[in-house]
Amino acid sequence: METAPKPGKDVPPKKDKLQTKRKKLRRYWEEEAVPTTAGASPGPPRNKKNRELRPQRPKNAHILKKSRISKKPQVPKKLREWKNPESQRSLSGAQDPFPGPAPVPVEVVQKFCRIDKSRKLPHSKAKTRSRLEVAEAEEEETSIKAARSELLLAEEPGFLEGEDGEDTAKICQADIVEAVDIASAAKHFDLNLRQFGPYRLNYSRTGRHLAFGGRRGHVAALDWVTKKLMCEINVMEAVQDIRFLHSEALLAVAQNRWLHIYDNQGIELHCIRRCDRVTRLEFLPFHFLLATASETGFLTYLDVSVGKIVAALNARAGRLSVMSQNPYNAVIHLGHSNGTVSLWSPAMKEPLAKILCHRGGVRAVAVDSTGTYMATSGLDHQLKIFDLRGTYQPLSTRTLPHGAGHLAFSQRGLLVAGMGDVVNIWAGQGKASPPSLEQPYLTHRLSGPVHGLQFCPFEDVLGVGHTGGITSMLVPGAGEPNFDGLESNPYRSRKQRQEWEVKALLEKVPAELICLDPRALAEVDVISLEQGKKEQIERLGYDPQAKAPFQPKPKQKGRSSTASLVKRKRKVMDEEHRDKVRQSLQQQHHKEAKEAKAKPTGARPSALDRFVR
């Protein structure tokens, strides 16, 4: 029979029941209940639960519910933490040496601010003024956030710089491809498609997809970065122009007879027969409008979200083959054979403006991304840049040897012109400055005459469609280096694209709001308002908005006698008369104060001053 071993060297002594209980693990910021030993380090005081008994309420006691709407404004928990920096302590107990948000320079905030604080708020009701103040506060907070996020835009635009005295126009594409990295060099390629040319091409808004159509019916769309072909068909009909719609999933093709809509698999979805003999296409992304120019001289706006024609305008200028859009205000620019450029909006049946640009017919029109400058070329071999900020005057002119048949602006303000089989590119000082036409920035010769030009968004790439196929050129400094992921994300997934489509449809801008100055939409047209009021008075014979004469309400106990009614009417009339006198005195005081400020100080009084009124 086995017996328990006696305590010795090899067997540990038996512990008491109190010692067998394991101690609870203590964090380094907690303090033990027992006094600390010499080797232990004391920490912050430990939060113990209050174990005192609390008096219970009787079951039938009536408890008043608190109102959901409190009189005092409730500050969120995060804001309270920001206001009290002492509460922001780390787990170790150390205090943040830089409490609160990081400071932002005032100059950077002013760059993103859209409210002019120099203009005083109008004298309106207290509720309206409070709303305006809240809107100003939100706008200021938004500008501060935009200024902070600018630090995340790490990419900077770069330009091609030659060596000492070297002309950049003499640098060919092969030299640029050798100098750049492998990923950028892969963006330069040539598609040899002589059998179906010449070609028109179009990039999607994200800059990831490319669609091109040949004069002999060849239509294709691909992801030009990965060279993955999405669809390729032959419509067995001449293709005049091609455009992506709001996303790369839909494609509009202007064929010889009618306008056709295809998806990214090459399946025909719609055939719009009301748009016949279309020569040029432009898509307005924020309005979901497809603008078409036809051989019959009609400018047609098609709403692709509902499939209805919004407006069909007769330009009365013959065949329309030159068209461009202003990305700033969505106004369509049409070039005519009499040397004029007309500006159109679907809300007006007549052109918004007409600009006499050339002595001969207009061959090409292009507008930069800021809506400030317009470039035109005509049969007189002149290339002109106009200022669209109300003056419509030419800023610079250059005579070209062959004349430019195609023009395009990049996101950074570069201007490209296709002259026969030669492509010339001019650069300016920056995005908001016009390009200088004195010396070309780059020059490239193609294998055939140019038929279409467009810069790829967010890439230093220029796509050229010609009789020999498609050429992708490298143009350093052409694209915007930083993109907005919520607006045009080149790397978005299919789910993100679907969510973006729903949001874009909800934020769709009505076609009636297209005008020359979009900032005028936030202001009141006083002249038109007064004119309409006068016409209404003439039509009705009286002013419906005029203030009705005062009619005292009847009172009881003999207070509605004729004498009392006359006294009450007289009292109201006297009050109105006092208000008019008070306003006239205020205006007179303001006028005298202005005259006193305008009068030069230190002038000696004259004896004739007594006759001045």
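**View 1. Residues 355-389, a stretch with 57% strand and 0% helix.** The C-alpha atoms at its two ends lie 13 Å apart. Helices (H or I, at least four residues) and strands (E, at least two) are DSSP runs, numbered from the N terminus. An unreviewed UniProt entry lists these residues as "repeat: WD". UniProt positions follow the numbering used here, feature names are shortened, and annotations may be inferred rather than shown by experiment. This is a predicted model: local features need pLDDT of at least 70, side-chain atom pairs count only at pLDDT 80 or more, and totals for chains, interfaces and linings use all residues. Residues are numbered from 1 along each chain as its sequence is written, and side-chain values use heavy atoms, with hydrogens and water left out.

**View 2. F409 in strand 22 (residues 406-409).** F409 counts as buried because its relative accessibility is 12%. Buried means under 20% relative accessible area, exposed over 50%, partly exposed in between (1.4 Å probe, protein chains only). F409 and V367 are 42 residues apart in sequence, yet their C-alpha atoms are 6.6 Å apart in space. Neighbours within four places in sequence aside, F409 has contacts (heavy atoms within 4.5 Å) that include A366, V367, Y373, L415 and F455.

**View 3. The largest nonpolar core, with 33 residues.** Such a core is a set of buried Ala, Val, Leu, Ile, Met, Phe, Trp, Tyr and Cys residues joined through side-chain atoms within 4.5 Å. I425, L462 and V475 have the most contacts inside it. At least two core residues come from each of several strands, among them strand 2 (199-203), strand 24 (422-426) and strand 27 (461-466). Beyond four places in sequence, I425 touches residues including L414, P440, Y441, L462, M473 and V475. Another core, of 29 residues, lies apart from the one with I425; A311, L320, L343 and I514 are among its members.

**View 4. An open sheet of four strands in the order 10-11-12-13.** The pairing is antiparallel. Two strands pair if DSSP finds at least two bridges between them. Strand 10 (278-284) and strand 13 (308-314) stand at the edges with a single partner strand each, so one side of each has no neighbour in the sheet. Strand 11 (residues 289-294) and strand 12 (residues 298-303) are joined by five bridges. In this pair, A291 stands opposite Y301 of strand 12.

**View 5. The protein chain, with nine helices and 28 strands.** Of its 613 residues, 35% count as buried.
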